[in-house]
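Biologist: I would like to learn how to read the empty spaces in a protein model; could you take me through them step by step?

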Amino acid sequence: MCVVTEAIPVFLSTTLCDLDEYSLGHVFLYLAVPDLDNCMLVCRKFKRIIQQFVLPKKCIHALVAGNGNGINLSPNRYTPRKRVKIDENWCNGRYEERTYFHHNIMYISQMTIDKDWLYMTHGGRLQAHRRTKDRYLIDTRSSWVIGDIRDSDISSLARENSSFFAGRMDGNVVVYDRSTQHHVIQRISNDIITAVDLHGNVYAVTTKNQSTYILRCSNEKLDILDDGEGPLLQLNYSYAEPYETIKLNSDRLAAGKFHSSKHEALQLIDLCSCTITKLNSKTMAVYDVLWKDDNCILSGNFDTTLRLIDTRTGNDEACWSDPYNASIYCLNYNGSYAVHCGLKYHYRTNLYDLRVPKRCIQMYFPSKKNRNYSPVYSIAADCSLLFIVTDHNLRILNFDADWAIAKDYAAI
């Protein structure tokens with residue numbers, strides 16, 4: 001008699017360590033930094049995969065602390081792990097706040113930053129403050145000053161390398177070259193200057209009610225002029241259109257009007273042909289514009305929207321709306337994916353991801369300090385700091401602050 005026995009399958013237990021390196025790396029990409037720290041303690045294999053593959057790849061895709069202008073603007077050189085952790089703090093709303101340069105009289109300061117300096121206006125004065133790596137973040141003592149606080153207020157400020165270009169409320173402009181320490185004051189108009197910009201030897205100025213001027217200068221001429229001499233800038237062309245904001249890019253000028261009843265506030269000026277093109281971005285007022293690249297413009301608008309416009313088609317390619325229906329006063333783009341927007345009320349700023357349509361990644365509400373609200377008039381950021389100009393002070397949000405309490409408004 002033959003007895004047939006049925007084979008019983010044997011199941012081998014498979015652990016996480018049995019996965020290949022590619023699969024492990026893919027799994028680790030979904031973990032936050034604290035979880036990755038714990039995984040690196042498990043074994044040398046996990047530690048090597050996380051350090052050599054996971055953290056560098058998470059840095060590449062990081063929103064704010066990834067590759068871009070933000071890294072180049074920071075005085076600190078962070079490790080990949082630290083960059084990923086700072087990026088998580090941006091997205092979770094974890095930061096420490098500091099306030100500087102309080103003034104009881106309301107005026108709007110202009111601001112720009114680089115790796116070593118914060119350049120900020122106080123009334124009619126432009127001054128530079130050295131950025132520090134300590135907990136104070138900046139040295140409140142000015143290292144150099146141009147102009148006087150009693151001069152006409154500086155209404156707009158632009159910088160390219162060591163060259164500064166400022167427009168005043170009285171219609172004068174100031175050109176200052178830090179490398180030669182020469183500055184020139186020149187009368188452009190009798191009207192209030194609302195915005196200025198420069199690119200190479202091309203200077204653009206627009207006023208509140210009159211015209212927009214394209215001027216050119218010779219760099220050699222600035223070297224030989226003494227302080228206060230002029231005229232330095234020679235008028236190249238004048239457009240009988242005033243704008244609220246302008247930005248130069250090579251041979252084109254992006255310009256936004258303060259009001260357009262036909263919803264044609266965003267326009268493009270070709271400096272070679274001297275023609276004005278009305279783009280198809282249907283908005284009544286534009287408060288700030290930036291060039292994302294050679295063909296695309298970012299605009300912050302009165303109608304509470306952030307728009308991405310392709311100049312080749314003239315159309316909106318993407319549009320984001322503020323959840324609280326506040327107008328967007330100013331923009332900052334980090335050269336990669338992140339766009340910071342300064343809003344009309346409550347010192348508030350929004351963070352948007354160009355890869356994520358129609359959604360605000362995070363909102364930041366700095367403390368009010370006994371005042372009901374203020375717009376954000378000027379904004380700048382590097383990979384870990386956000387600089388906010390209000391009507392009474394400068395606020396700095398430091399996201400390299402793992403100990404801070406998270407203020408998460410992403411779900412709103």
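**Reading a pocket, a cavity and a residue**

Modeller: Helix H3 (44–60) and helix H5 (80–92) each supply at least two residues of the lining of the second largest pocket. Helices (H or I, at least four residues) and strands (E, at least two) are DSSP runs, numbered from the N terminus. This is a predicted model, in which local features need pLDDT of at least 70, side-chain atom pairs count only at pLDDT 80 or more, and totals for chains, interfaces and linings use all residues. Residues are numbered from 1 along each chain as its sequence is written, and side-chain values use heavy atoms, leaving out hydrogens and water.

Biologist: Which helix gives the most to the lining of the second largest pocket?

Modeller: That is H5, which contributes four residues to the lining of this pocket.

Biologist: How is tyrosine 329 placed, and with which residues is it in contact?

Modeller: Tyrosine 329 lies in strand S22, which covers residues 328–333. Because its relative accessibility is 22%, tyrosine 329 counts as partly exposed (buried is under 20%, exposed over 50%, partly exposed in between, with a 1.4 Å probe and protein chains only). Leaving aside neighbours within four places in sequence, tyrosine 329 is in contact (heavy atoms within 4.5 Å) with Tyr287, Asp288, Gly342, Lys344, Pro375, Val376 and Tyr377.

Biologist: What separates the C-alpha atoms of tyrosine 329 and phenylalanine 302?

Modeller: These two residues are 27 residues apart along the chain, while their C-alpha atoms are separated by 7.8 Å.

Biologist: Which strands each supply at least two residues of the lining of the largest cavity?

Modeller: The general idea is that rolling a probe the size of a water molecule over the atoms shows where empty space is left. On a 1 Å grid over the protein atoms alone, a cavity is a set of points where a 1.4 Å probe fits but cannot get out, and a pocket is an open set with protein on both sides within 12 Å along at least five of seven lines, lining residues having an atom within 4 Å of a point. Here strand S7 (163–168) and strand S8 (172–177) each supply at least two residues of the cavity lining, and S7 gives the most, with four residues.
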